[in-house]
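Please look over the chain below. The report starts with the whole fold and then turns to chosen parts.

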Amino acid sequence: RFHNNVISPWRRAPRRLDLGIAAAQQLWRRNLVRPTVLFASAQTFEAGDQLAAALRRRGVRVELFRPPAEGGFARILLRAGRLVYTRIHESSAQTGADAISVRELAERAAEPDVVSVEATDETVAPLVQFLTGSSSTDLSPAQEAVLPKVCSANHPAGMFDKRWQAEAAEKAGLTPPKTWSDLADVDTFPILVKPILGGGGEGIKLARSRVDLEEIIAAQASTDEPTYAQQFVTGRTIQVGGVAKAGIPIVISAYVGDPYPDSPFGQIGTFRLLDLPKEEAAVAALLEDTGYTGAFCVDLIQNETGQSWFLELNARIFGSWMGLQLAGVNFVGAYQYAFDIGEKPTESPRDYTTTFNLKHPDTHKPLPLAKAGLGRARTMARTIGIRGVALMTSDLLAHIRRIRSEGAKPAESTVPASPANRDARDVSE
């Protein structure tokens, strides 16, 4: 009895103490060392702001890297950003007024609380190059720790090289248009001349003939931006977006939208889900081959016969992710699960009939702009919370102020746009 009642409990006491300490440490980490997601952009990053607001509402720390704010109104917007971001890092003066210090961003990303880095293409591409250096097989321990947080894939640098993407897509069974690495070798027209790195439609130029191409080559002779040529294909542009974990889609769905008038090669202004299981399966096969983890958006062109052409893969947060969330795809829950900061989301009914407005309407009248902008914020409130709504309202006021100062409406693009997101445009002679 003495042994059972006194000796045995005493011997078990250290183990119970260890278990108690471990539980206390786990609770402390959960409450004080919360997981952090970093965002970085040298310009307006609405998609990142919205995701940051949604994650912070769910207990995730979010931090923003951006250039120094210049001007009184810019400082006001910076203060509004602090409603969403736990901390805002303004890059050091040595990096310039319109750039992000990739070294500072990498140093912060190396800390153990950071689980992911979301950045626009002009920041994430040089960041990956900085981390991989001259050889992706000879990385320091610090680089090896940071790189998966920026782009977790079998070939991180290739995920931002559109030529590599085309090769990977073809191996996965998708059909990319013909491409030329050397513009001098182009033998078919019309073509699109595109930056190898980047996205959002920036820097894309249409060449209908050899004369057009020579003008483009002459214009970019003074720059060091690498480009390539892609065969021009016509049809409607569709996207397949979602979140993947180790190459397996957690959520995935096809959708379509109209291009934003001020940026016919950029983000879409409206959003509607499509039921295209064949295209979704093809994109899933590409993701499996790449082993990618994170948010993704694949651009495809579908012609009247139903054939789909692969255009590019955007391995980052993308402007239309909110449309997926509003249409019943649990994008935020999938993102948390992908980076082990949340449970796997359950399936819910999807809305294939509603068209959602993702951008400001194409008007320069303040009252319709304000009404539509506040309506957008109210629609997204359940996802982004009051902090996100406040930031969207500040951005709306900035947009109204900007268009009033511009006066006349910008000239329309000389390239008519198909109902598409980025690259292919149905141009008629």
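What follows covers the chain as a whole, one helix, and one glycine.

## Whole chain

The model is predicted. Its chain has 429 residues, and 49% of them count as buried. Secondary structure comprises 12 helices and 16 strands.

Contacts reach across the sequence. Taking pairs at least 6 residues apart, 69% of the contacts join residues at least 24 apart. The chain exposes about 20,800 Å². Carbon and sulfur atoms supply 52% of that area.

## Helix α5

Helix α5 spans residues 121-132, 12 residues in total. From first C-alpha to last, α5 reaches 16 Å. That is close to the 16 Å expected at 1.5 Å a residue.

The buried residues of α5 are D121, T123, V124, A125, L127, V128, L131 and T132. Which elements do the buried residues of α5 pack against? Two are strands, β1 (36-40) and β4 (114-119), and two are helices, α4 (102-109) and α6 (141-150).

## G388 in helix α12

G388 sits in helix α12, which runs over residues 366-406. Is G388 buried or exposed? G388 counts as buried because its relative accessibility is 3%, and the cut-off for buried is under 20%.

Leaving out residues up to four places away in sequence, G388 touches A53 and V84. A further pair links distant parts of the sequence: G388 and L51 are 337 residues apart along the chain, yet their C-alpha atoms are separated by 9.0 Å.

Note on methods
Residues are numbered from 1 along each chain as its sequence is written. This is a predicted model: local features need pLDDT of at least 70, side-chain atom pairs count only at pLDDT 80 or more; totals for chains, interfaces and linings use all residues. Side-chain values use heavy atoms; hydrogens and water are left out. Helices (H or I, at least four residues) and strands (E, at least two) are DSSP runs, numbered from the N terminus. The expected span of a helix is 1.5 Å times one less than its number of residues. Buried means under 20% relative accessible area, exposed over 50%, partly exposed in between (1.4 Å probe, protein chains only). Contact means heavy atoms within 4.5 Å. Accessible areas come from the Shrake-Rupley method with a 1.4 Å probe; for residues, only the protein chains shown count as cover.
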